[in-house]
Amino acid sequence: MTAAPGQLAATRAAWIAFVIGSGFFLFEFVARIEPSLDTTAIASFFGLTKSGFGTLSSLFFWIYAPMQIVVGLLLDRFGARKFIVGGSLCCAAGVLLFAATSVAGVAAAGRVLTGFGASFAFVSALWLVNHWFAPERFALLSGAVNATGMVGAAIGAVLLSDLVGTAGWRTVFIGSGLAGLGIFVAALLFLREPHSPASEADTGAVEHVRQSLAMVMGNGRAWAIAVTGMLYYLPVNVYAGLWGTTELVTDHHRAQITAETIVSMVFWGMALGSVFGGWLSDRLGHRKYLVLGGAVLTALAYLAVLYLPLPAFTEGAVLLAGGFFGGFQMLTFAMAKEGMANDVAGTTVAFVNMIGIAGALVFQPLVGFLADATGGNFTLALATMPACVALAALIVLFVPEYRHPDHVSDGT
Ligand SMILES: N[C@@H](Cc1c[nH]cn1)C(=O)NCC(=O)O
């Protein structure tokens, strides 16, 4: 039997939305890490100290984190198209502004604009997956969105580092800003709005915010899953994203480049694991015990790397496994969203993401504080990572399995 032309057009529109949503996430992930590609040159160009440069770069997150819930509320009420178009334009404009100025204050405004635009990417991509595709494809496709960001950032960082060395950081920023404008044009021309509760929503803005927040933030199950996701996600931002390399250099006496290579395995593993975990979960039609099992194996992997005297190759292999099973944390988005009505899908995903990011913002300095307090013992300070992931496994054990009728497939 052949598909009707209308169905073919919808399938095409769904995949175009997936590619544009993932492409936007990939672009914003590159934009967020871009200043780290040449910290010394950028700091001296703007006449900044290390701490001044750190503040300039972190402005991205100051706006990105609180915007998450706002983005979720907007998507559920107005749909995704206009926010992906506007968000990608702001993000690209912010990157270009950063590259075009020699005034630190203007660069700071550019960084804020980048973070503001970027805040629409991840949640919008998951919102599009939710509303364009059948419920039993959500875990796989949301895992694929995550993997695009991870792989793109890992490959991009290597390629762009080389390019920064030869062409200079401003050229690289301009190139990536232009790529962001490409996403903007693609969204403007090709992105179609899916059918969703937002298409028919007619509640006033204040009432929409009040009702959606009450539904999501008043739901104990959503909180438990958000905290599970946050604890489970910590090693990615805190170990792999900040302190892991230092721990391997100071406590395991690895060379800097070896330590960086070992730590990068987390991101590769995470890209593979978020797709595989999503595929397996959709195939089994099950989430909870995959999150539980994945979290236990992740905790064991980090414990092994921290405490066993392993050769460098084995450390890399174990962190690849830790990243792989860490990728199963993406299932917390499916679990949370499926427990709620479809008209708060965006707000629910945004809430889980915001709690996850907030956790990293607290734990990055906390691990630094613990390392200082223990006389520079990073192994002990980072033992909080497997402990938190094990706690995530314990919490999810008590989360009831529930699927809202909105997320039961009608077979189409
Ligand atoms: N995987 C998420 C973060 C998360 C939050 N809770 C569980 N995981 C992610 O990568 N989000 C992208 C972002 O930085 O917004």
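This is a short chat about the ligand site and the one cavity in a predicted model.

Me: What sort of model is this, and how are residues numbered?

Reply: The model is predicted, so to speak from the start: local features need pLDDT of at least 70, side-chain atom pairs count only at pLDDT 80 or more, and totals for chains, interfaces and linings use all residues. Residues are numbered from 1 along each chain as its sequence is written, and side-chain values use heavy atoms, with hydrogens and water left out.

Me: Which residues come nearest to the ligand?

Reply: Arg32, Tyr64, Tyr233, Gln329 and Asn353 come nearest, out of 14 residues around the ligand, where a residue is near if one of its heavy atoms lies within 4 Å.

Me: And what polar contacts does the ligand have with Arg32, Tyr233 and Gln329?

Reply: Taking a polar contact with the ligand as a pair of N or O atoms within 3.5 Å, a polar side-chain atom of Arg32 lies 3.0 Å from a ligand oxygen, and a side-chain N or O atom of Tyr233 is 3.3 Å from an oxygen of the ligand. For Gln329, a side-chain N or O atom is 2.6 Å from a ligand nitrogen. The protein covers 99% of the 380 Å² of accessible area that the ligand has on its own, by the Shrake-Rupley method with a 1.4 Å probe.

Me: Which helix gives the most to that shell?

Reply: H16 does, with four residues; helix H1 (5–33), helix H11 (220–250) and helix H16 (345–373) each supply at least two. Helices here are DSSP runs (H or I, at least four residues), numbered from the N terminus.

Me: How does the shell divide by class?

Reply: There are eight nonpolar, five polar and one charged, with Ala, Val, Leu, Ile, Met, Phe, Trp, Tyr, Cys and Pro counted as nonpolar, Asp, Glu, Lys and Arg as charged, and the others, Gly among them, as polar.

Me: Changing topic, how many cavities of 30 Å³ or more are there?

Reply: The structure holds one, and the largest cavity has a volume of about 30 Å³; a cavity is a set of points, on a 1 Å grid over the protein atoms alone, where a 1.4 Å probe fits but cannot get out, and the volume is the space filled by probe spheres set on the points.

Me: What lines the largest cavity?

Reply: Gly94, Val95, Phe98, Arg111, Thr114 and Phe173 line it, lining residues being those with an atom within 4 Å of a point. H4 gives the most to this lining, with three residues.

Technical notes. Polar contact = N/O pair within 3.5 Å; in protein donor to acceptor, adjacent residues only side chain to side chain. 1 Å grid on protein atoms, 1.4 Å probe; cavity = no way out; pocket = protein on both sides within 12 Å on 5 of 7 lines; lining within 4 Å.
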